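Work through the exercises below with the structure open beside you. Try each task before reading its solution.

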Protein chains: 2
Amino acid sequence: VFRPKSADHLALSELGRRIEAPPISWLMSTALAHPHLISLAAGFTDNPSLPVAEARALFEELLGSSADGQAALQYGTTSGDPQLRELTSRRLGELDESADSGLYDPDRMLLTNGSQQLLYMVTEALCDPGDIVLVEDPTYFVYLGILQSFGVRARGVRMEKEGLDTGQLERVLEEMCRSGQIKRLKFLYLVSYHQNPTGATTSLERKAAALEILGRYEKAAGHRIYLLEDAAYRELRFQGSPIRSALALKHGNSRVIYAGTYSKPFATGTRVGFGLLPEPVFTAVWRIKGNHDFGSSHLLQKLLARALSSGVYEEHLAALRARYQAKARVMLEALEEHFPPGADWWTPQGGLYYWARLPGKRAAGPRSAFFKRALAKDVLYVPGELCYADDPARKKPAHEMRLSFGAASEANIREGIRRLGEAMKV
Amino acid sequence: VFRPKSADHLALSELGRRIEAPPISWLMSTALAHPHLISLAAGFTDNPSLPVAEARALFEELLGSSADGQAALQYGTTSGDPQLRELTSRRLGELDESADSGLYDPDRMLLTNGSQQLLYMVTEALCDPGDIVLVEDPTYFVYLGILQSFGVRARGVRMEKEGLDTGQLERVLEEMCRSGQIKRLKFLYLVSYHQNPTGATTSLERKAAALEILGRYEKAAGHRIYLLEDAAYRELRFQGSPIRSALALKHGNSRVIYAGTYSKPFATGTRVGFGLLPEPVFTAVWRIKGNHDFGSSHLLQKLLARALSSGVYEEHLAALRARYQAKARVMLEALEEHFPPGADWWTPQGGLYYWARLPGKRAAGPRSAFFKRALAKDVLYVPGELCYADDPARKKPAHEMRLSFGAASEANIREGIRRLGEAMKV
């Protein structure tokens, strides 16, 4: 249907002609074609743990008073509900164990349609075609799609078990200086907690190092080089110690753009995300938000504000963490039992994903024999290949898989991993 | 704070540097500085008529079953809930009194964050900087902001009481052919029902003429010239006969992009809009939507689906129409009583706005003596000037006002108009 070279397409903009089909549509049509599929691919959250009764009670309260109800059902503002921004500011301060409330100024905060919209608008505000963004190698594949649509080049910086390889970050920047590309570099996109797809978390030390390194190259770049910290999975930690955000670091309030969300920890169907942005990015993104939709649903913001202020959010989150911890353990046990020697994986401390490798670096990509065998056994995973930028500096690794324990039941996690293990034994 | 020429701004994209402050922020800060203000400026809907009890009952049902509740609180799809698309398709067919259900194919439909997001994405999919979009003269000022941010030139086509002046449309196109600008023309943006800001409705005959005229110039343009029909106020008709959409016209399914919304007729705080788009625009916009937010809040879509299928929506709409009819009558009576001879206005058959002119074409712009006198009397209106594109082909008319009866109470409508009338008598 979509043939970018036909005459019909001459009316499209450059972006409209450039934008490619997202991997997600391929994954979804694959899933649809296999109705009995066990999907370890979906980034959906756990269905049975969604807060149905809680949301019902919150709406009952919220819509129980006509003053509150009318306010919630009326337009809000472009930045979003002041109460929810205030609560978010306080919450960020608590998560960062920071006494400096100025770091989390609600006036530099925007409430968005999931954190995804914030990522999009930040990219709009900072990037022209031909610009460069550094991403983890591998990274969140939907974000790679955003960069692709804007004609922005992505360069990868290796991801290790401990997070971003800051030594490689420096080497990449050095090389960009030599080639002159540094002038086109706008920011480093970092999924800092329980990353999608690897589950790895970048330590505070590494974040500090990254921020310091980026700062040193600003002169060569001729402009700020921001750190865009995507903390989407931050609240889904079920092991290990909390880690502060880059906002709490030196220069954090002028160089860090922070993207967070309430959707994943509370209910994905509500799509309430937020961002904290330094000037002039805040103003540019606020204006863009005005054009996108002049503010997200006020009703959902009021729901989240009430969930937070009543303690319902915190209580739900504790239960959710315990649940994901249990599901992660189930997947780990299955991996240990069913994957053959030579297969390998990273064990996350939170989030929704394991990152696994086939024995002997055998291929796991969308066209690989292994992927087809897995599908024949009715199991779907996200081929790791999809999570790597088109970076000419290296060949795309093709022997990895993202395995999600978010949506599948415990029984399906066990059975799915068992079948994948079998598919490896051929 | 936002100084696009400072060194800080060098990291911004062209769009990030170009995008201007929206008039809405000026209007809102003016309102905030006058706490006792009667605002006839706000495009908000009527607070007391918001469906608080209805929404509460709908949520109680929706979240009363754990299966339905979980589905609603989970991610949906990029296009949006199939049930709501199906219901929307059926509803459009009914509004158009059309038996041809193929015209309203749910597979070409997208559910969006208000219809605003659809307008934004369509512009992204079709326009590059330097391209041209035809708009009504005057038009919806937030849409002018979208065009400005993309560096798209807007050209105005005169709006009459009966809607778009199609004679002038043809003359503008003729002139664009002569100047070669026609090659940059992408579409005509038409707020076809009870237009913002004039309240005027473009008749079906005029829509047919416009579509036919645009079609004749496609050869000169070298590509399709779409009609983007913004039907945001369609359901708020309280007088006159229903008018079919341009979708029902010849070539409607290949040349018309239709933007609609459930927010204004039901509850603005829910922000559920929709679009029906021909290929290849559909696919491009669907991909863009995937990058913006990979789908609007599933919970709100499920709320609207239930409102529609239960009949609650239709019942609420009937009451809302009656209420706006009453408020429009109050404003009319006040205009007749308080505005001096020589002042003039258009009387709408629906929507939220009167369009009024000062006697003797005296200035009503943001810096005019009249605007200041009105503000000194604690009344705010939208200066008509803000609703005109920066079109070099004519001087911006500056003697008009948009007067909204949406948000203000009946008492405030009367009092506000009385004070405006007084301010005219100086």
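The exercises that follow concern a predicted model.

**Exercise 1. Overall form**

Find out whether the radius of gyration of chain A agrees or disagrees with that of a compact globule.

Solution.
- Step 1: chain A has 426 residues, and a compact globule with that number would have a radius of gyration near 22 Å.
- Step 2: the value for chain A is 22 Å, so the two agree.
- Step 3: along the principal axes, the C-alpha trace of chain A spans about 65 × 55 × 55 Å.

**Exercise 2. Burial and contacts**

State what share of the residues of chain A count as buried, and what share of the contacts join residues at least 24 apart.

Solution.
- Step 1: a residue is buried if its relative accessible area is under 20%.
- Step 2: by this cut-off, 63% of the 426 residues of chain A are buried.
- Step 3: take the contacts in chain A between residues at least 6 apart in sequence; 74% of these join residues at least 24 apart.
- Step 4: the exposed area of chain A is about 14800 Å², with 51% supplied by carbon and sulfur atoms.

**Exercise 3. A sheet and its edges**

Chain A contains 16 helices and 14 strands. Explain why one side of strand 10 and of strand 13 has no neighbour in the sheet.

Solution.
- Step 1: the open sheet has 4 strands in the order 10-11-14-13, with antiparallel pairing.
- Step 2: strand 10 (344–346) and strand 13 (382–383) stand at the edges with a single partner strand each, so one side of each lacks a neighbour.
- Step 3: strand 10 pairs with strand 11 (residues 353–357) over 3 bridges in the antiparallel sense.
- Step 4: opposite A:Asp344 stands A:Arg357 of strand 11.

Methods: Residues numbered from 1 in each chain as written. Chains lettered and ligands numbered in written order. Predicted model: local features only at pLDDT ≥ 70, side-chain atom pairs only at ≥ 80, totals over all residues. Heavy atoms only, no water. Helix = DSSP H or I, 4+ residues; strand = E, 2+ residues; numbered from the N terminus. Rg over C-alpha atoms; globule rule 2.2 N^0.38 Å. Buried < 20%, exposed > 50% of the residue type's maximum accessible area, 1.4 Å probe, protein only. Contact = heavy atoms within 4.5 Å. Areas by Shrake-Rupley, 256 points an atom, 1.4 Å probe, with all protein chains shown as cover. Pairing = 2+ DSSP bridges.
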